[in-house]
Amino acid sequence: MKPSTRVNHPPEVHVPADNRPLVAPVYQSVKFTFGSIGETERHGRGEREGFYYSRISNPTLRQLELTLAQLQGREDCLLTASGVAAVNLALLALCKQDDHVVLFAEMYQPTRYMVRRLLARYGVRHTMLSIADTDAIERTLETTPTRLVIFETPSNPMLKIADLERITAAARAHRALTVLDNTFAGFHNHGQFDIDVFVHSLTKYASGHGDVMGGAIIANRATLNAMRPDLIVTGATLDPHAAFLVQRGMKTYFLRYERQCENALAVARFLEAHPKVESVCYPGLPSHPQHALARRQMHDFGSVVTFSIRGDRATARTFTEALRLFAISASLGSTESLVQPGQIMRPRDLNEAEREWAGIADTTVRLSIGIEDAADLIADLEQALARCP
Ligand SMILES: *Cc1c(COP(=O)(O)O)cnc(C)c1O
């Protein structure tokens with residue numbers, strides 16, 4: 001073989017079956033091959049195990065899919081290139097023309113866009129409600145044949161808790177599917193409820209280090225298999241190296257999540273006692289209007305703490321910019337703490353009544369709490385509050 005041929009057919013390194021790596025290797029290969037046409041065809045007909053093309057399946061992705069499905073308490077999972085891809089592909093695969101979707105003003109903005117603008121172009125109808133109004137959800141499901149309800153809990157950034165028992169019961173009674181974007185609560189929460197499809201952004205708690213994006217659709221096998229052909233041809237595949245990094249992140253998922261929750265509660269308690277703070281919203285605080293519901297539904301309460309600062313938009317700005325440890329940035333669930341004032345979270349696509357439901361004011365400040373030392377975080381918040389009039 002000439003060198004130009006050799007470099008394209010590198011020597012194979014065989015790892016004996018009784019000599020396994022402790023960490024699974026990254027299968028950074030698009031293609032997989034069988035020794036014969038017959039075996040290739042058998043695989044194509046689903047008659048044997050194996051892999052063929054990484055847009056369809058890949059061993060590195062498969063390991064992560066199984067990890068996440070187990071943790072969420074469902075049979076199967078399909079990974080996507082980002083969280084929004086998971087939300088959007090689930091909606092695309094489940095909806096057809098004339099279907100009716102229920103969604104909420106308190107949702108992730110791109111999800112609202114997907115339903116209200118994109119799916120609307122293909123003839124999917126919708127009703128937008130407030131996640132706080134369970135009666136309205138039940139009424140809508142009773143009166144309007146509905147394909148699916150897509151929702152989040154806790155909501156962003158005001159941390160309203162959806163009543164999962166009532167919503168899932170109403171959906172089941174009226175043959176609507178439930179799709180829960182469970183990004184805020186995490187994979188270890190909400191699995192005990194009768195949810196048909198979970199979607200997650202892996203960019204947040206799963207990756208955990210703010211260095212990789214991904215998404216996951218998690219459901220029982222029959223539901224996911226029905227969606228799979230649509231998902232595969234839309235092509236929002238996760239890269240194997242990204243999947244490897246998320247898998248690595250998952251090893252410390254519980255350590256990080258527990259520490260973040262502990263820190264978040266400490267921060268929430270500190271803020272609640274501070275005279276320059278109007279009110280604090282954290283589902284783990286007894287003062288949260290839905291604390292009892294949150295306790296019933298969740299193991300823990302997440303890393304986002306939202307509060308209202310006494311003053312106006314300028315006060316929120318002074319406070320935000322005075323923080324040293326908290327970076328002004330979107331996202332959540334990473335090791336480092338972040339801050340976002342209401343000014344940069346205001347939803348522009350909502351009408352006045354819907355904005356009221358969303359509940360974001362100029363004095364709203366959202367904190368995403370990391371795994372730093374709680375006392376350092378509180379000292380930083382203290383000095384920033386001291387700079388406010
Ligand atoms: C971040 C987020 C998404 C989107 O995830 P990306 O990975 O950024 O695409 C979807 N839903 C919720 C609730 C999120 O917080």
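**Pockets, cis prolines and positive phi**

Colleague: How do the residues lining the second largest pocket divide into nonpolar, polar and charged?

Modeller: The lining has 11 nonpolar, seven polar and five charged residues. Ala, Val, Leu, Ile, Met, Phe, Trp, Tyr, Cys and Pro count as nonpolar, Asp, Glu, Lys and Arg as charged, and the rest, Gly among them, as polar. This is a predicted model, so local features need pLDDT of at least 70 and side-chain atom pairs pLDDT 80 or more, while totals for chains, interfaces and linings use all residues. Numbering runs from 1 along each chain as its sequence is written, and side-chain values use heavy atoms, without hydrogens or water.

Colleague: Cool. Which residues are closest to the centre of that second largest pocket?

Modeller: Phe51, Ile56, Ser57, Arg62 and Arg228, out of 23 lining residues. A pocket here is an open set of points on a 1 Å grid over the protein atoms alone, where a 1.4 Å probe fits, with protein on both sides within 12 Å along at least five of seven lines; lining residues have an atom within 4 Å of a point.

Colleague: Which helices and strands supply at least two residues of its lining?

Modeller: Helices α3 (59–72) and α8 (221–234) do, and so does strand β1 (76–80). These are DSSP runs, H or I over at least four residues for helices and E over at least two for strands.

Colleague: And what volume does the largest pocket have?

Modeller: About 760 Å³, against about 530 Å³ for the second largest. Volume is the space filled by probe spheres set on the grid points.

Colleague: Which residues are closest to the centre of the largest pocket?

Modeller: Of its 37 lining residues, Tyr108, Gln109, Pro110, Asn156 and Arg366. The lining has 17 nonpolar, 11 polar and nine charged residues, and α4 (83–94), α5 (109–121) and β6 (197–201) each give at least two.

Colleague: New topic: what is the peptide bond from Asn156 to Pro157 like?

Modeller: That bond is cis, with omega near -5°. Another cis bond joins Thr153 and Pro154, with omega about -5°. Pro154 is in the loop between β4 (148–152) and α7 (164–173), and Pro157 is in the loop between β4 and α7 too.

Colleague: Which residue in the loop between α4 and β2 should I look at?

Modeller: Try Asp98 in that loop, which has a positive phi of about 75° though it is not a glycine. Most residues other than glycine have a negative phi.

Colleague: Is Asp98 buried or exposed?

Modeller: Exposed, at 53% relative accessible area. Buried means under 20%, exposed over 50% and partly exposed in between, with a 1.4 Å probe and protein chains only. Ser331 also has a positive phi, near 80°, and is partly exposed at 27%.
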